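Colleague: I would like to know how the labels on this structure are earned. Show it to me, and I will ask about them.

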Amino acid sequence: MKDKIHENRTLMNWSKKDLVDRVMCLEHNNAAQAESFEIQYRNCMKMVEDMNLLNDRLKEARMLRSTQTGEGKAQ
């Protein structure tokens, strides 16, 4: 179904069955879009968590390396 904005006069000529079918289709599409958004949000939050974990590990590795380098220079 193409994205289409219906005019009042067009919808007034539709049968009750056609209108019910269209409403049910729109409700289904709306629910599917909401579910898709929720999945995308969870995936995005997982990526943020993964990036935070990577950044924490990188900071730890840099601190460890600077500590080891500092100890090596002192000897």
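What follows is a talk about labels and the values behind them.

Modeller: A word first: this is a predicted model. Ask away.

Colleague: What makes the protein more spread out than a compact globule?

Modeller: Start with the make-up: there are 2 helices and 0 strands. The radius of gyration is 28 Å, and the globule rule gives 11 Å for 75 residues. The value is well over the rule, so the protein is more spread out than a compact globule. The C-alpha trace spans about 90 × 15 × 15 Å along its principal axes.

Colleague: What share of the residues counts as buried?

Modeller: Of the 75 residues, 0% count as buried. To be buried, a residue needs under 20% relative accessible area. The accessible surface of the protein is about 7,400 Å². Carbon and sulfur atoms hold 57% of that surface.

Colleague: Why is the contact of Lys-17 and Asp-21 called a salt bridge?

Modeller: The cut-off is 4 Å between a side-chain nitrogen of Lys or Arg and a carboxyl oxygen of Asp or Glu. For Lys-17 and Asp-21, the closest N and O atoms are 2.7 Å apart. That value is within 4 Å, so the pair is a salt bridge. Both residues sit in helix α2, which covers residues 16-74. They are 4 residues apart, which is about one helical turn.

Colleague: Are Lys-17 and Asp-21 exposed or partly exposed?

Modeller: Exposed means over 50%. Lys-17 has 57%, so it is exposed. Asp-21 has 36%, which lies between 20% and 50%, so Asp-21 is partly exposed.

Colleague: How do you know that Arg-57 and Glu-60 form a salt bridge?

Modeller: By the same kind of test. Their closest N and O atoms are 3.3 Å apart, and the limit is 4 Å. So the pair passes. Arg-57 and Glu-60 lie in helix α2, 3 residues apart, about one turn of the helix. Arg-57 has 46% relative accessibility and Glu-60 has 45%. Both values fall between 20% and 50%, so both residues are partly exposed.

Colleague: What makes Arg-9 exposed and Glu-7 partly exposed?

Modeller: Arg-9 has a relative accessible area of 61%, which is over 50%, so Arg-9 is exposed. Glu-7 stands at 43%, under that mark but not under 20%, so Glu-7 is partly exposed. Their side chains meet in a salt bridge, 3.1 Å from N to O.

Colleague: How many salt bridges are there in the whole structure?

Modeller: A search finds 5. Side chains of opposite charge can pair when their charged atoms come close. The protein has 13 positive and 12 negative side chains. The centres of the two sets lie 5 Å apart.

Colleague: Which residues form the nonpolar patch on the surface?

Modeller: Phe-37, Tyr-41, Met-45 and Val-48. Together they have about 390 Å² of accessible area.

Colleague: How do you know that Tyr-41 and Val-48 have enough accessible area for a patch?

Modeller: A patch residue needs over 30% relative accessible area. Tyr-41 has 44% and Val-48 has 38%. Both are over 30%, so both meet that condition. Tyr-41 lies in helix α2, and Val-48 lies in helix α2 too.

Colleague: How far is Tyr-41 from Leu-54?

Modeller: They are 20 Å apart in space, C-alpha to C-alpha, and 13 residues apart in sequence.

Conventions: Residues are numbered from 1 along each chain as its sequence is written. This is a predicted model: local features need pLDDT of at least 70, side-chain atom pairs count only at pLDDT 80 or more; totals for chains, interfaces and linings use all residues. Side-chain values use heavy atoms; hydrogens and water are left out. Buried means under 20% relative accessible area, exposed over 50%, partly exposed in between (1.4 Å probe, protein chains only). Patches are made of residues with over 30% relative accessible area and no salt bridge: like charges are joined within 9 Å, nonpolar side chains (Val, Leu, Ile, Met, Phe, Trp, Tyr) within 5 Å. Accessible areas come from the Shrake-Rupley method with a 1.4 Å probe; for residues, only the protein chains shown count as cover. The radius of gyration is taken over C-alpha atoms; the globule rule is 2.2 Å times the number of residues to the power 0.38. Lys and Arg count as positive and Asp and Glu as negative; His and the chain ends are not counted. The place of a charge is taken as NZ of Lys, CZ of Arg, CG of Asp or CD of Glu.
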